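Grab a pencil and have a go at these short exercises. Try each one yourself before reading the worked solution.

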Amino acid sequence: LSSFDTSSVTDMDSMFEGCNSLTSLTLSSSFFNSSAVTEFDFSGLTSWTEATSLSQFVNAISSKDGTGKTVKLSNATKTALTDAQKNSITSKGWTIA
């Protein structure tokens with residue numbers, strides 16, 4: 001998804017709904033460029049637990065100011081994140097839900 005231009009996106013609700021078998025997802029920091037989107041919902045990715053993919057996600061989201069923004073993750077994904085990764089995300093103002 002590194003070539004997605006999300007700068008004009010206003011709603012990403014259910015973007016990954018039904019993607020239960022997806023275990024890996026590569027996102028660049030440009031994915032999080034839209035200032036209009038306040039919630040990024042990845043909660044439909046119930047199998048997204050692959051360590052390298054999650055590390056890339058953390059690096060991408062941690063490079064953007066998340067003040068007033070929420071990233072929704074499945075329970076499995078939240079469990080797969082280390083405390084250090086969660087801290088990296090929340091230290092930039094993001095709320096993990």
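Here are three exercises on this predicted model, each with its solution.

**Exercise 1.** Work out how the three strands of the open sheet are ordered, and which strands sit at its edges.

*Solution.* Start with the order, which is S1-S2-S3, with parallel pairing. Next, look for strands that pair on one side only: these are S1 (39–42) and S3 (95–96), so they are the edge strands. Now zoom in on S1 and S2 (residues 70–73), which pair in the parallel sense over four bridges. Across from Phe42 you'll find Leu73 in S2.

**Exercise 2.** Classify the aromatic pair formed by Phe42 and Phe57, then say whether each residue is buried or exposed.

*Solution.* A ring pair is described by the distance of the centres and the angle of the planes. For Phe42 and Phe57, the centres are 5.7 Å apart and the planes make an angle of 75°. Planes over 60 degrees apart count as edge-to-face, so that is the label here. The partners are 15 residues apart, with Phe42 in strand S1 and Phe57 in helix H1 (residues 51–62). Then check accessibility: Phe42 is buried at 1%, and Phe57 is buried too, at 0%. Finally, ring pairs link Phe42, Trp48 and Phe57 into a cluster.

**Exercise 3.** Place Ala76 in its helix and describe its surroundings.

*Solution.* Ala76 belongs to helix H2 (residues 75–80). Its relative accessible area is 34%, so Ala76 is partly exposed. Leaving out residues up to four places away in sequence, Ala76 touches Thr46 and Thr49. Last, the C-alpha atoms of Ala76 and Leu45 are 8.8 Å apart, although 31 residues separate them along the chain.

How values were computed: Residues numbered from 1 in each chain as written. Predicted model: local features only at pLDDT ≥ 70, side-chain atom pairs only at ≥ 80, totals over all residues. Heavy atoms only, no water. Pairing = 2+ DSSP bridges. Helix = DSSP H or I, 4+ residues; strand = E, 2+ residues; numbered from the N terminus. Buried < 20%, exposed > 50% of the residue type's maximum accessible area, 1.4 Å probe, protein only. Contact = heavy atoms within 4.5 Å. Phe/Tyr/Trp six-rings, centres within 6.5 Å; stacked < 30°, edge-to-face > 60°.
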